[in-house]
Amino acid sequence: MTEIKTMKPKSNTIISIRTENVIKIYKRKGVETSALRGLSCEMNKGEITIIMGPSGCGKTTLMNILSGISLPNAGSVIVQGQDITQYSETQLEQFRRDKISYIFQKLNLIPTLNVMDNITFALEYTNKMNEAQQSRINNIIELIGLEDHTKKFPDELSGGEQQRVALAAALAKNSDIILCDEPTGELDSKAKMKVMELLSIIKKNYPEKTIVIVSHDTDMNLIADRLLYIRDGKISYEMSTEKLQKIKTQGEIPIEVHAEKSLHNSNDEDLLTELRELNKIISDKLEHYESRNIQKHKLKEKMDNI
Ligand SMILES: Nc1ncnc2c1ncn2[C@@H]1O[C@H](COP(=O)(O)OP(=O)(O)OP(=O)(O)O)[C@@H](O)[C@H]1O
Ligand SMILES: [Mg+2]
């Protein structure tokens with residue numbers, strides 16, 4: 001396997017995932033669907049990348065490819081310096097097991113296992129945890145606020161609680177890359193904020209992880225470091241960490257966003273509308289979000305013990 005030489009940190013940023021011209025064509029009953037049409041993007045270590053875009057634009061397809069459960073027809077997918085499209089089946093299996101936690105769009109809790117067993121399911125030490133492992137899992141359960149639910153089964157939990165169990169399981173697995181497809185899709189705003197807070201706290205406390213979230217929900221931008229908009233199987237707009245930071249601190253769309261928009265998408269007013277909406281949401285809600293007492297300190301203390 002060749003090491004990709006260009007995978008070097010830019011300033012203090014480390015690119016964790018890079019796709020280059022990824023093409024994915026589904027073939028079913030003689031019908032071809034081009035789900036990804038030359039998609040190139042980057043995701044950084046220690047950051048939350050949010051992927052947005054209309055239904056059917058290829059978001060879940062991209063997540064399946066990043067997780068190694070689906071292979072592209074062409075293009076490369078470089079994860080931590082290795083092109084996973086060149087992996088053998090055994091290497092891919094190992095990659096999925098060791099590197100990836102994937103919370104699917106349709107939740108994948110196992111209905112016949114209770115909450116505790118769902119959380120520990122992916123771990124090799126299920127049923128034979130030592131004291132340190134048990135304590136680590138207990139800390140995660142406490143952090144995610146599931147202490148009262150460990151004996152329940154998924155159908156005895158609310159949608160938000162199920163999402164939190166899935167997050168706890170992803171954390172328990174302790175993989176470098178966490179992929180979440182619509183983690184707040186069905187939730188009311190309170191449950192959604194809780195999941196967002198948790199994702200944000202996970203990012204702060206695990207700076208070695210790369211978190212990629214697909215979402216239709218512009219509120220998610222509040223916790224994003226980087227935004228990718230997909231349209232028709234390609235990146236139609238990318239908002240870098242620096243630009244997003246600028247929007248959050250200055251409260252307005254930076255001038256280069258307009259310039260890039262006219263370069264890439266001169267006939268598409270939707271994108272500018274989306275960005276204006278995004279800007280408004282960010283400036284309106286950021287203050288509210290930051291000023292809320294969300295017991296961050298208490299949660300941080302718990303995280304520090306994990
Ligand atoms: N297994 C499959 N076989 C055939 N076509 C598929 C398959 N999976 C997805 N597609 C098609 O590929 C395109 C991209 O689908 P994908 O699920 O990636 O979209 P998405 O952006 O995640 O949409 P949503 O926001 O609705 O979840 C769609 O046109 C979809 O119909
Ligand atoms: Mg999807």
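Visitor: Let's start with the ligand. How far is an oxygen atom of ligand 1 from an N or O atom in the side chain of T61?
Guide: In this predicted model, that distance is 2.6 Å.

Visitor: What about the side chain of H216, how far from a ligand oxygen is an N or O atom there?
Guide: An N or O atom of the H216 side chain sits 3.3 Å from an oxygen atom of ligand 1.

Visitor: And G58, which part of that residue is involved, backbone or side chain?
Guide: Backbone. A polar backbone atom of G58 is 3.0 Å from an oxygen atom of the ligand.

Visitor: How many residues are around ligand 1, and which come nearest?
Guide: There are 14 around ligand 1, and S55, G56, K59, T60 and T61 come nearest. T61 is also the residue with the 2.6 Å side-chain distance I gave you at the start.

Visitor: OK, switching to the sheet with six strands. What's the strand order?
Guide: The order is 6-7-8-3-9-10, in an open sheet with mixed pairing.

Visitor: Which strands stand at the edges?
Guide: Strand 6 (100-103) and strand 10 (234-239). Each has a single partner strand, so one side of each is left without a neighbour in the sheet.

Visitor: How much does it twist from one strand to the next?
Guide: The average is 15°.

Visitor: Strand 10, then. How is strand 9 joined to it?
Guide: Strand 9 (residues 226-231) runs antiparallel to strand 10, and five bridges join them. As one example, L227 has M239 in strand 10 as its bridge partner.

Visitor: Which strands does helix 2 touch when it packs on the sheet?
Guide: Helix 2 (residues 89-99) touches strand 6 and strand 7 (177-181). The direction of helix 2 makes about 75° with that of strand 6.

Visitor: And helix 6, what does that one touch?
Guide: Helix 6 (residues 189-205) packs on the sheet against strand 3 (48-52), strand 7 and strand 8 (210-214). The angle between the directions of helix 6 and strand 8 is about 160°.

Visitor: Over to helices 4 and 5. At what angle do their axes cross?
Guide: Roughly 150°, with the axes of helix 4 (residues 131-144) and helix 5 (residues 159-173) coming within 10 Å. The crossing is right-handed.

Visitor: Which residues meet there?
Guide: From helix 4 you have R136, I137, I140, L143 and I144, and they meet R164, L167, A168, L171 and A172 of helix 5. Eight of the contact residues are nonpolar, two are charged and none is polar.

Visitor: New topic: strand 1. How many bridges join strand 1 to strand 2?
Guide: Eleven, between strand 1 (residues 15-28) and strand 2 (residues 31-44), and the two run antiparallel. Among the bridge partners, I17 goes with M43 and I15 with N44.

Visitor: How many residues lie between the strands in that hairpin?
Guide: Two, and K29 in the hairpin takes a positive phi near 50°.

Visitor: Why would anyone single out a positive phi?
Guide: Because most residues other than glycine have a negative phi. N21 is another with a positive value, near 50°, and N21 lies in strand 1. Q80 also has a phi near 50°, and Q80 is found in the loop between strand 4 and strand 5 (82-83).

Visitor: Strand 4, how does strand 1 pair with that?
Guide: Antiparallel, with five bridges joining strand 1 to strand 4 (residues 74-79). T19 has V77 as its bridge partner in strand 4.

Terms used. Residues are numbered from 1 along each chain as its sequence is written. Chains are lettered from A and ligands numbered from 1 in the order in which they are written. This is a predicted model: local features need pLDDT of at least 70, side-chain atom pairs count only at pLDDT 80 or more; totals for chains, interfaces and linings use all residues. Side-chain values use heavy atoms; hydrogens and water are left out. Axes are lines fitted to C-alpha atoms, for helices over the stretch in contact, and angles run from 0 to 180 degrees between N-to-C directions. Helices (H or I, at least four residues) and strands (E, at least two) are DSSP runs, numbered from the N terminus. A crossing is left-handed if the near helix is turned anticlockwise from the far one by less than a right angle, and right-handed if clockwise. Contact means heavy atoms within 4.5 Å. Ala, Val, Leu, Ile, Met, Phe, Trp, Tyr, Cys and Pro count as nonpolar, Asp, Glu, Lys and Arg as charged, and the others, Gly among them, as polar. Two strands pair if DSSP finds at least two bridges between them. A residue is near a molecule or strand if one of its heavy atoms lies within 4 Å of it. A polar contact is a pair of N or O atoms within 3.5 Å; within protein, one must be able to donate a hydrogen and the other to accept it, and residues adjacent in sequence count only if both atoms are side-chain atoms.
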